Amino acid sequence: MAASETDQPEATIPLEVFRYRPEQGDEPTFEHYDVPYREDWVVLDALNHVKDQIDGTLSYRWSCRMGVCGSCGMMVNGEPKLTCAAFLRDYYPEVIRVEPLNYFPVIRDLVINMDDFLHKLTEVKAWLVPKEEKPVSQGEYLQTPAELAHYKQFSMCINCMLCYSACPVYGQHPEFLGPAAIALAQRYNLDSRDGAADARADVIFSDEGIWDCTFVGDCTRVCPKNVDPAGAIQQAKVAATKDWYRSVLVPWGNK
Ligand code: SF4
Ligand code: FES
């Protein structure tokens with residue numbers, strides 16, 4: 001009797017996974033794993049298979065598995081990707097190489113240190129600073145749909161760091177504020193309820209801010225949420241240039 005379909009060997013796909021265990025004094029290396037190939041599996045499923053079935057010491061971050069938390073960003077065959085949105089079928093049957101995001105210090109295996117970005121978020125005051133404080137009893141700070149549309153795109157950022165890993169300027173010059181921090185500063189600068197644009201200006205208009213950007217545009221290309229950080233940076237450049245002309249032409253005037 002011919003072998004039934006279930007007797008066929010299971011299709012697999014090869015993974016090359018970056019491993020680094022500094023606490024053991026190890027040098028970085030790549031580990032090879034063959035994992036089951038499934039049409040509906042993403043790279044994160046393959047990593048979970050390795051962790052659950054092959055080597056429980058593999059370290060990486062993930063949470064939502066639906067492109068919302070921003071924690072599963074890694075280099076997949078050299079491209080920054082959310083591993084929960086990178087399907088095995090797009091690589092099969094070729095090898096998939098998984099590495100930590102470019103340009104960040106590695107804590108362990110695929111886990112990067114994001115302290116630099118968190119510090120930059122603080123520097124640009126990436127939060128709403130109300131123009132006017134009013135008692136809660138006076139109700140919400142209302143906005144029109146047009147006012148919301150002004151900044152909504154930039155508010156979709158999930159802090160995944162893919163844009164930083166794609167940015168050649170950040171790769172060469174880590175002092176650069178970088179795409180997401182500037183996009184988030186723009187998000188609040190464009191919010192009709194916010195009053196801290198002047199306080200952010202010194203940081204985002206500095207040499208390490210918008211003027212470091214050479215408009216390669218890879219940040220926007222890899223962004224999984226269509227935030228368009230490159231667009232945010234160019235918008236901020238226009239705003240800075242207008243401010244500068246205004247200060248030259250009308251030095252006594254308000255901004
Ligand atoms: S701008 Fe896009 S790529 Fe950059 S951190 Fe935000 S969501 Fe991620
Ligand atoms: S696991 Fe949350 S974005 Fe991928």
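**Pocket.** I looked up the largest pocket in this predicted model. Its volume is about 310 Å³. A pocket here is an open set of points on a 1 Å grid over the protein atoms alone, where a 1.4 Å probe fits, with protein on both sides within 12 Å along at least five of seven lines. Grid points join across faces, edges and corners, and the volume is the space filled by probe spheres set on them.

I listed the 14 lining residues (an atom within 4 Å of a point). Asn-189, Leu-190, Ala-197, Asp-198 and Asp-243 are the closest to the centre. Helix H7 (197-204) gives the most to the lining, with 3 residues. Helices are DSSP runs of H or I, at least four residues, and strands are runs of E, at least two, numbered from the N terminus.

**Core.** Next I checked the largest nonpolar core, which has 70 residues. Such a core is a set of buried Ala, Val, Leu, Ile, Met, Phe, Trp, Tyr and Cys residues joined through side-chain atoms within 4.5 Å. Helix H6 (179-189) gives the most to this core, with 7 residues.

**Ser-59.** I found Ser-59 in the loop between helix H1 (43-54) and strand S3 (73-76). Is Ser-59 buried or exposed? Its relative accessibility is 17%, so Ser-59 counts as buried (under 20% relative accessible area; exposed is over 50%, partly exposed in between; 1.4 Å probe, protein chains only).

**Conventions.** Residues are numbered from 1 along each chain as written, and chains are lettered from A and ligands numbered from 1 in written order. Local features need pLDDT of at least 70, side-chain atom pairs count only at pLDDT 80 or more, totals for chains, interfaces and linings use all residues, and side-chain values use heavy atoms, without hydrogens and water.
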